[in-house]
Amino acid sequence: GTIPTEVGLLTSLEKMFLSKAHVTGTLPTELGRMVSLVMLFLVNNDLQGTIPIELEQLTNLNELVLTGNLQLNGKAPDLCGMARYELDLCFDCSCCTTPKNFDRCSYPL
């Protein structure tokens, strides 16, 4: 199924793990209203479209992992303050751009 827009009402939710959950469709912009969110894992689903720029509003977000969603594309939000930021945006780099501070990002091994 899809992630409903009502997910934005979960303003106290701190962790969301929907990996390998057969999630389809696009990421709703309402994810940006989940102000307490610290971890968002949506690994190996069938998500498509762009990653909402509204995720930049999630100042508590430390880990965003969207790998394995091969239909995600477009401009990645500028979230380089995170401890972990993993994306598979696309394999043709002409169809996507990286965040403006991506070169200053560091990732734990």
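Of the contacts in the chain with a separation of 6 or more, 38% join residues 24 or more positions apart, a contact being heavy atoms within 4.5 Å. This is a predicted model, so to speak of local features a pLDDT of at least 70 is needed, side-chain atom pairs count only at pLDDT 80 or more, and totals for chains, interfaces and linings use all residues. Numbering runs from 1 along each chain as its sequence is written, and side-chain values use heavy atoms, with hydrogens and water left out.

On the secondary structure side, the chain has 0 helices and 9 strands; here helices (H or I, at least four residues) and strands (E, at least two) are DSSP runs, numbered from the N terminus. Read along the sequence, that gives β-β-β-β-β-β-β-β-β. An open sheet is formed by 3 strands in the order S2-S4-S6, with parallel pairing; two strands pair if DSSP finds at least two bridges between them. S2 (24-25) and S6 (71-72) sit at the edges with a single partner strand each, so one side of each has no neighbour in the sheet. S4 (residues 46-49) pairs with S6 in the parallel sense over 2 bridges, and Gln-48 stands opposite Gln-71 in S6.

Just ahead of S4, the loop that follows strand S3 (39-41) holds Asn-45. With a relative accessible area of 4%, Asn-45 is buried (buried means under 20% relative accessible area, exposed over 50%, partly exposed in between, with a 1.4 Å probe and protein chains only). A polar atom of the Asn-45 side chain lies 3.0 Å from the backbone nitrogen of Ala-21, and the backbone nitrogen of His-22 also lies 3.0 Å from a polar atom of that side chain. Leaving aside residues up to four places away in sequence, Asn-45 touches Leu-18, Ser-19, Lys-20, Ala-21, His-22, Val-23, Gly-68 and Asn-69.

Two residues around this spot have positive phi without being glycine. His-22, with phi near 60 degrees, is in the loop between strand S1 (15-17) and S2 and counts as exposed at 60% relative accessibility. Asn-44, with phi near 55 degrees, is in the loop between S3 and S4 and is partly exposed at 39%.

As for packing, buried residues make up 40% of the 109 residues in the chain. The largest nonpolar core (buried Ala, Val, Leu, Ile, Met, Phe, Trp, Tyr and Cys residues joined through side-chain atoms within 4.5 Å) has 21 residues, and those with the most contacts inside it include Leu-27, Leu-42 and Leu-66. Not counting residues up to four places away, Leu-27 touches Ile-3, Leu-42, Leu-47, Gln-48, Thr-50, Ile-51, Pro-52, Leu-66 and Leu-72. Thr-50 turns up again with Ala-76: their C-alpha atoms, 26 residues apart along the chain, are separated by 7.8 Å. Ala-76 is in the loop between strand S7 (74-75) and strand S8 (84-86), and is buried at 1% relative accessibility.

Then there is confidence. The mean pLDDT of the chain is 81, and 74% of its residues reach 70 or more; pLDDT is the predictor's confidence in each residue, from 0 to 100. Over residues 89-97 pLDDT stays under 50, and the model has 16 contacts beyond four places in sequence for them. Residues 100-109 are also below 50, with 9 contacts beyond near neighbours in sequence. Where pLDDT is low, the predicted coordinates should not be read in detail.

How values were computed: A polar contact is a pair of N or O atoms within 3.5 Å; within protein, one must be able to donate a hydrogen and the other to accept it, and residues adjacent in sequence count only if both atoms are side-chain atoms.
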